[in-house]
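Got your viewer open? Let's take a walk through this chain together, one selection at a time.

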Amino acid sequence: MHLLSPPDRTEPRPRRSSRPSRPSAAEVLRYGERYADLRDRHLADTLILEDAVEEREEISAHERITCHVHRRWTHECIASPMHVIPVTGHRWCRRCEAEASVAVDELTGSVTVVCTRCRQVLETAANRQVVRTCRASLAAAHESRRARAQAQSSASAAA
Ligand SMILES: [Zn+2]
Ligand SMILES: [Zn+2]
């Protein structure tokens with residue numbers, strides 16, 4: 001009797017988790033110059049990676065956890081007037097036609113978008129996306145800080 005070997009069970013992983021966390025050498029060469037002076041290399045790597053992925057049209061600018069314009073984590077520059085986009089409804093209250101502010105609590109990680117006029121918490125799709133990306137960027141920035149502190153303490157222990 002001839003037994004067939006079992007079928008290959010490796011299933012394709014979901015796209016998000018298969019996305020590399022570091023840019024390739026080619027991507028660093030192509031997009032890295034803009035971020036060469038950033039001290040936080042994890043932030044720079046994430047910027048390079050998101051520039052590359054955005055150019056491949058795999059994510060939109062609104063889904064990014066880093067900001068191409070301000071070269072920062074999204075939650076750090078979301079307060080800039082440049083992030084108020086009435087056309088798409090990001091940081092915008094359509095009912096009042098007024099801008100919204102984003103409250104970011106670094107300690108608890110909570111993020112809310114509140115209209116500056118009616119003081120309502122805005123739950124539209126665009127404003128929920130602001131909350132989502134700010135939460136994710138907050139978590140990534142924390143992780144980056146923790147990794148750097150760890151690297152620093154192990155470097156001083158080795159010295
Ligand atoms: Zn920005
Ligand atoms: Zn309002």
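How many helices and strands are there in the chain? Colour by secondary structure and count: you should find 5 helices and 5 strands. One thing to keep in mind as we go is that this is a predicted model. Now trace the chain along its sequence, and the elements come up in the order α-α-α-β-β-α-β-β-β-α. Out of 159 residues, 23% are buried. As for contacts with a separation of 6 or more, 40% of them link residues that are 24 or more positions apart.

**Stop 1: the sheet**

Select β3, β4 and β5. Together they form an open sheet of 3 strands, in the order β3-β4-β5, with antiparallel pairing. Look at the two edges: β3 (92–93) and β5 each have a single partner strand, so one side of each has no neighbour in the sheet. Zoom in on β4 and β5, which run antiparallel and are joined by 5 bridges. To see one partnership, pick Ser-101 and find its bridge partner in β5, Val-114.

**Stop 2: what packs on the sheet**

Keep the sheet on screen and add α5. This helix packs on the sheet, where it touches β4 and β5, and its direction makes about 145° with that of β5.

**Stop 3: a residue in β4**

Click on Ala-103, which sits in strand β4. Is Ala-103 buried, partly exposed or exposed? Ala-103 counts as partly exposed because it has 13 C-beta neighbours inside 10 Å. Leaving aside neighbours within four places in sequence, Ala-103 is in contact with Thr-112 and Val-114. Try a distance label too: from Ala-103 to His-75 is 9.4 Å, C-alpha to C-alpha, though they are 28 residues apart in sequence.

**Stop 4: along helix α5**

Now select residues 125–158, which make up α5. How far apart are the end C-alpha atoms of α5? They are 49 Å apart, and this agrees with the 50 Å that its 34 residues should span at 1.5 Å a residue.

Next, highlight the buried residues of α5: Asn-127, Val-130, Val-131, Thr-133, Cys-134, Ser-137, Leu-138 and Ala-141. What covers them? Among the elements doing so are β1 (66–67), β2 (72–73), α4 (74–77), β4 (98–104) and β5 (111–115).

**Last stop: Arg-145**

Stay on α5 and click Arg-145, which is found in this helix. Arg-145 counts as exposed, because it has 12 C-beta neighbours inside 10 Å. Finally, label the distance from Arg-145 to Asp-40: the two are 105 residues apart in sequence and 8.7 Å apart in space, C-alpha to C-alpha.

Notes:
Residues numbered from 1 in each chain as written. Chains lettered and ligands numbered in written order. Predicted model: local features only at pLDDT ≥ 70, side-chain atom pairs only at ≥ 80, totals over all residues. Helix = DSSP H or I, 4+ residues; strand = E, 2+ residues; numbered from the N terminus. Buried ≥ 20, exposed ≤ 12 C-beta atoms within 10 Å, placed from the backbone. Contact = placed C-beta atoms within 7 Å. Expected span 1.5 Å × (residues − 1). Pairing = 2+ DSSP bridges. Axes fitted to C-alpha atoms, helices over the stretch in contact; angles between N-to-C directions.
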